[in-house]
Amino acid sequence: MNSSATHKSSPMARRLRVWASTVALSTSLAPILATGAAFAATGPAATDPFRGLDWAPVVERALHCPKPGPKDKWYVVRARVAAVGDLTRDGRPDTVVTSSCPSPTAGNPVTAFVYDGASRRSAPRLIGMLGKNRYFKTQTVAVQHGEVRLSGKVVSDKAPRCCPDLLVRQTYKWTGKAFQRTSEKLAKLS
C-alpha cells in the first residue's frame, strides 16, 4: 500500500469526518442544552407580568427626551427588559427596563426604570429610576436577593462624552416608598 495514499484523503472523506464530529459533539451537548432551555423557560422571562409588552412608549414618557422635529427619522426610543424580580416584597415580580433618549450624534446616558409588578398591564406604574447620578454608557442589570444591581461603563465629569473612563457598580434596595442606593463602587478603566 502506498504510504502517501494513507495520509491523504479525499475532500468527501474530510467532509464526512467533519460531519461525524459535529454529530458527536451535538449529541454529547444535548443534555446540557436541554438543561439550559429548561432553565430559560423558568427564568425571569417566564415570570414577567408584562411579558411581550412594547416598553418603548411606556419608557418614553419617563425619559423626558427633547422632542424631535417632524422629519427627524433618527428619533426612535428603544427599551429592553433587563431584569425581573420581586423588589417590593409583595410577592409579585417587578420589571426593570433600560433605555436612553435617542440622539443623532452620540449616545445619551442609560437609565434603569423599575415598574411595579402589581400595576395593571395596560398602565405599568413607574416606581424607580436608577443610575441617574452617573452617565452610564453601558449598563448591566441583575436582581438578586431583592436588590437591583447595576454595573457598567460610565463617563466621569472629567472625560469627554464619547469615552467612558470608569467602571461603576451600584446596588439599590426598596425602602417601602422608594429605591435607595445602598452601595456604589468605582474603578478606573485602563
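# Exercises on a predicted model

The structure holds 2 disulfides. The model is predicted, and the exercises below work through its cross-links, aromatic rings and strand pairing.

## Exercise 1. The disulfide of cysteine 65

Task: find which cysteine is joined to cysteine 65, state the handedness of the disulfide, and decide whether each of the two cysteines is buried or exposed.

Solution.

Step 1. The sulfur of cysteine 65 lies 2.1 Å from that of cysteine 101, and the two are joined in a disulfide.

Step 2. In sequence the two cysteines are 36 residues apart, and the pair links distant parts of the chain. Cysteine 65 sits in the loop between helix H4 (55-63) and strand E1 (79-85), while cysteine 101 belongs to the loop between strand E2 (94-99) and strand E3 (111-116).

Step 3. The torsion about the S-S bond of cysteine 65 and cysteine 101 is about -100 degrees, so this disulfide is left-handed.

Step 4. Buried means under 20% relative accessible area. Cysteine 65 has 8% and is therefore buried. Cysteine 101, with 16%, also counts as buried.

## Exercise 2. The disulfide of cysteine 162

Task: repeat the analysis for cysteine 162 and its partner, then give the pairing pattern of the bonded cysteines.

Solution.

Step 1. Cysteine 162 is joined to cysteine 163, with an S to S distance of 2.3 Å.

Step 2. The angle about the S-S bond is -75 degrees, and the link of cysteine 162 and cysteine 163 is left-handed.

Step 3. The upper cut-off is needed here: exposed means over 50%, and partly exposed lies between the two limits. Cysteine 162 has a relative accessible area of 54%, so cysteine 162 is exposed. Cysteine 163 has 35% and is therefore partly exposed.

Step 4. With the bonded cysteines of the protein chain numbered in sequence order, the pairing reads 1-2, 3-4.

## Exercise 3. An aromatic pair

Task: classify the geometry of phenylalanine 50 and tryptophan 55 and name the cluster they belong to.

Solution.

Step 1. A pair of aromatic rings is described by the distance of the centres and the angle of the planes.

Step 2. The model has 4 aromatic pairs. One of them is formed by phenylalanine 50 and tryptophan 55, at 5.4 Å centre to centre and with 80 degrees between the planes.

Step 3. Planes over 60 degrees apart count as edge-to-face, so the pair of phenylalanine 50 and tryptophan 55 is edge-to-face.

Step 4. Phenylalanine 50 and tryptophan 55 are both buried. Together with Tyr115 they form one aromatic cluster.

## Exercise 4. Salt bridges and their surroundings

Task: list the salt bridges and give the accessibility class of each partner.

Solution.

Step 1. The count comes to 3 salt bridges.

Step 2. Aspartate 116 and arginine 125 meet through their side chains at 2.5 Å, N to O. Aspartate 116 has 7% relative accessibility and counts as buried; arginine 125 has 46% and counts as partly exposed.

Step 3. Arginine 134 and glutamate 184 form a salt bridge at 3.1 Å, N to O. Arginine 134 lies in the loop between strand E4 (125-130) and strand E5 (135-136), and glutamate 184 in strand E9 (residues 179-188), so this pair ties together parts that are 50 residues apart in sequence. Both partners are partly exposed, arginine 134 at 24% and glutamate 184 at 27%.

Step 4. Glutamate 147 and arginine 149 form a salt bridge in which the closest N and O atoms are 3.2 Å apart. Glutamate 147, at 16% relative accessibility, is buried, whereas arginine 149, at 31%, is partly exposed.

## Exercise 5. A hairpin and a buried threonine

Task: describe how strands E6 and E7 pair, and determine what threonine 171 contacts beyond its sequence neighbours.

Solution.

Step 1. Strand E6 (residues 140-144) pairs with strand E7 (residues 147-155) in the antiparallel sense, over 5 bridges.

Step 2. E6 and E7 form a hairpin with 2 residues between them. In the turn, histidine 145 has a positive phi of about 55 degrees.

Step 3. Alanine 142 has arginine 149 in E7 as its bridge partner. Arginine 149 also takes part in the salt bridge with glutamate 147.

Step 4. Threonine 171 belongs to strand E8 (residues 166-174) and counts as buried at 12% relative accessibility.

Step 5. With neighbours within four places in sequence left aside, threonine 171 is in contact with Glu147, Val148 and Arg149, as well as with Gln180, Arg181, Thr182 and Ser183. Glu147 and Arg149, the partners of the salt bridge in Exercise 4, are thus among the contacts of threonine 171.

Methods
Residues are numbered from 1 along each chain as its sequence is written. This is a predicted model: local features need pLDDT of at least 70, side-chain atom pairs count only at pLDDT 80 or more; totals for chains, interfaces and linings use all residues. Side-chain values use heavy atoms; hydrogens and water are left out. A disulfide is a pair of cysteine sulfur atoms within 2.5 Å. Helices (H or I, at least four residues) and strands (E, at least two) are DSSP runs, numbered from the N terminus. Buried means under 20% relative accessible area, exposed over 50%, partly exposed in between (1.4 Å probe, protein chains only). Rings of Phe, Tyr and Trp (its six-membered ring) pair if their centres lie within 6.5 Å; planes under 30 degrees apart count as stacked, over 60 as edge-to-face and the rest as tilted. A salt bridge is a side-chain nitrogen of Lys or Arg within 4 Å of a carboxyl oxygen of Asp or Glu. Two strands pair if DSSP finds at least two bridges between them. Contact means heavy atoms within 4.5 Å.
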